[in-house]
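The following explanation leads through a single protein chain, from its core outward to its helices and overall dimensions. Please keep the sequence and the structure in view while reading.

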Amino acid sequence: MTTTVYKVTGMTCGHCESAVNSELSALAGVTSVQAVAATGLVTVTAAAPLDDEAVRAAVDEAGYELTGRV
C-alpha cells in the first residue's frame, strides 16, 4: 500500500469533496480517498503508486485542479 497526499484547488464544500472522492476512487488500485475542502488536501491510498497524470485527469474530471503532491 502507498499513501500520497495531493494539493487540490477549488474545493469549497462537502459536494466538492464528494466529487473528488468519487473520481479518484474509480482509479484502478485505489483503496481509499479522503478529500478535505478546508485544507485543499486529498489523501489517496492505493495498492501501488499511482500515475500522477491519471490522478490529475481524475481531479480535472471532477472540476478541480491538482497543484501537486504535498
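Which residues have the most contacts inside the largest nonpolar core? In this predicted model, that core has 22 residues, and those with the most contacts inside it are Met11, Val20, Leu24, Val42, Val44, Val55 and Tyr64. At least two residues of this core come from each of E1, helix H1 (14-25), strand E2 (30-36), strand E3 (41-46) and helix H2 (52-62). In soluble globular proteins, nonpolar side chains tend to be buried together.

The order of the elements gives the frame for this core. The protein chain contains 2 helices and 4 strands, and from the N terminus on its elements run β-α-β-β-α-β.

Helix H1 is a convenient place to begin. Its 12 residues should span 16 Å at 1.5 Å a residue, and the end C-alpha atoms of H1 are indeed 16 Å apart, so expectation and model agree. The buried residues of H1 are Cys16, Ala19, Val20 and Leu24. Because they cover an arc of only 120 degrees around the axis, they lie on the same side of H1. An α-helix has 3.6 residues a turn, so residues three or four places apart point the same way. The partners against which the buried residues of H1 pack are E2, E3 and H2.

Val20 illustrates this packing at the level of one residue. It lies in helix H1 and, with a relative accessibility of 0%, counts as buried. Not counting residues up to four places away in sequence, Val20 touches Met11, Ala35, Val42, Ala62 and Tyr64. Val20 and Ala58 are 38 residues apart in sequence, yet their C-alpha atoms are 7.7 Å apart in space.

Helix H2 can be read in the same manner. Here Val55, Ala58, Val59 and Ala62 are buried. Seen down the axis of H2, these buried residues fall within an arc of 95 degrees and therefore line one face of the helix. They pack against E1, H1 and strand E4 (65-69). Val55, one of the buried residues of H2, touches Tyr6, Leu24, Leu27, Leu50 and Leu66, not counting residues up to four places away in sequence. After H2 comes Gly63, whose phi is positive, near 100 degrees.

Strand E1 offers a further example. Thr4 lies in this strand, which comprises residues 2-9. Is Thr4 buried or exposed? Its relative accessibility is 15%, and because a residue under 20% is classed as buried, Thr4 counts as buried. Leaving aside its neighbours within four places in sequence, Thr4 is in contact with Val42, Thr43, Val44 and Arg69. Of these, Val42 and Val44 are among the residues with the most contacts inside the largest nonpolar core.

The chain as a whole may now be considered. Among contacts between residues at least 6 apart in sequence, 63% join residues at least 24 apart. Of the 70 residues, 37% count as buried. A compact globule with 70 residues would have a radius of gyration near 11 Å, and the protein chain has 10 Å, which agrees. Along its principal axes, the C-alpha trace spans about 30 × 20 × 20 Å. The accessible surface comes to about 3800 Å², of which 51% belongs to carbon and sulfur atoms.

Definitions and conventions
Residues numbered from 1 in each chain as written. Predicted model: local features only at pLDDT ≥ 70, side-chain atom pairs only at ≥ 80, totals over all residues. Heavy atoms only, no water. Buried < 20%, exposed > 50% of the residue type's maximum accessible area, 1.4 Å probe, protein only. Contact = heavy atoms within 4.5 Å. Core = buried A, V, L, I, M, F, W, Y, C linked by side-chain atoms within 4.5 Å. Expected span 1.5 Å × (residues − 1). Arc of directions from axis to C-beta. Rg over C-alpha atoms; globule rule 2.2 N^0.38 Å. Areas by Shrake-Rupley, 256 points an atom, 1.4 Å probe, with all protein chains shown as cover.
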